[in-house]
Amino acid sequence: MTAPRRQMSPTQELISRVMRIVRICPEAAAEVLELMFLVSQIEALTTVDREYRDAKRVISRLRNPLWDLNPSERETLLRAAETIRKACRLKENEIPATPIADIGERERIERGLALALAGEFNAAQIARVTGAVAAVLQE
């Protein structure tokens with residue numbers, strides 16, 4: 001008697017099916033593996049970033065690039081931003097005016113720095129470093 005088959009996660013199921021395709025058509029291996037890598041990144045990001053903070057920052061940066069663009073390039077970035085907004089089902093008022101302008105971003109940076117620098121810097125020093133990091137990210 002065989003052991004019952006363990007339930008696979010959606011990602012495991014996808015990998016299993018894709019690997020069958022690669023075995024049948026080895027020429028497609030590079031493209032398929034690249035797609036799998038992208039899928040795993042997307043899954044990791046949506047698992048960690050439930051509030052779509054990273055997507056919000058990407059949309060904001062696409063709308064406010066750091067470089068000069070011609071009208072065609074600008075339109076391409078705006079279309080990409082709109083596509084991401086729709087894919088994440090974000091409302092227009094949820095998109096920050098600048099990439100780190102969303103509420104709580106400074107606190108999130110400060111928590112991360114406090115963990116990384118614990119024992120090396122005191123709270124006042126971490127607050128100053130947080131301010132500097134936030135200012136640089138704002139640019």
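Start by selecting Arg63: with a relative accessible area of 19%, this residue counts as buried (buried means under 20% relative accessible area, exposed over 50%, and partly exposed in between, using a 1.4 Å probe and protein chains only). Before you go on, know that this is a predicted model, where local features need pLDDT of at least 70 and side-chain atom pairs count only at pLDDT 80 or more, while totals for chains, interfaces and linings use all residues. Residues are numbered from 1 along each chain as its sequence is written, and side-chain values use heavy atoms, with hydrogens and water left out.

**The charged network**

Keep Arg63 on screen and add Glu92. Their side chains meet in a salt bridge, 2.5 Å from N to O (a salt bridge is a side-chain nitrogen of Lys or Arg within 4 Å of a carboxyl oxygen of Asp or Glu). This pair links distant parts of the chain, 29 residues apart: Arg63 sits in helix H3, and Glu92 in the loop between H4 and helix H5 (105–116). Helices here are DSSP runs (H or I, at least four residues), numbered from the N terminus. Glu92 is partly exposed, at 44% relative accessible area.

Now select Arg85, which also forms a salt bridge with Glu92, the closest N and O atoms being 3.6 Å apart. Through shared partners, salt bridges join Arg63, Glu82, Arg85 and Glu92 into one network. Add Glu82 to see its salt bridge with Arg85, where the closest N and O atoms are 2.5 Å apart. These two are three residues apart in helix H4, so about one helical turn separates them. Arg85 is buried at 15% relative accessible area, whereas Glu82 is partly exposed at 24%. In the whole structure there are four salt bridges.

**Along helix H4**

Which residues of H4 are buried? Pick out Leu77, Ala81 and Arg85. They cover an arc of only 80° around the axis, which puts them on the same side of H4 (the arc is that of the directions from the helix axis to the C-beta atoms). Swing round to the other side of H4 and you will find Ser72, Thr83, Lys86 and Ala87 exposed. H3 is among the things that cover the buried residues of H4.

Next, go to the N-terminal end of H4. Asn70 caps it, with a side-chain oxygen 3.0 Å from the backbone nitrogen of Ser72. Then jump to Arg89, just after H4, which takes a positive phi of about 55°.

**The nonpolar core**

Select Ala55, Ile59, Leu62, Leu77, Ala81, Cys88, Leu90 and Ile95 together: these eight residues are the largest nonpolar core (a set of buried Ala, Val, Leu, Ile, Met, Phe, Trp, Tyr and Cys residues joined through side-chain atoms within 4.5 Å). Helix H3 (53–63) and helix H4 (71–87) each supply at least two of its residues, and H3 gives the most, with three. Click on Cys88: leaving out residues up to four places away in sequence, it touches Tyr52 and Ala55 (contact means heavy atoms within 4.5 Å).

**Last stop: Ser60**

Is Ser60 buried or exposed? At 0% relative accessibility, Ser60 counts as buried. This serine is found in helix H3. A polar atom of its side chain lies 3.0 Å from the backbone oxygen of Pro96. Show the surroundings and, apart from neighbours within four places in sequence, Ser60 is in contact with Ile95, Pro96, Ala97, Thr98 and Pro99.

Notes
A polar contact is a pair of N or O atoms within 3.5 Å; within protein, one must be able to donate a hydrogen and the other to accept it, and residues adjacent in sequence count only if both atoms are side-chain atoms.
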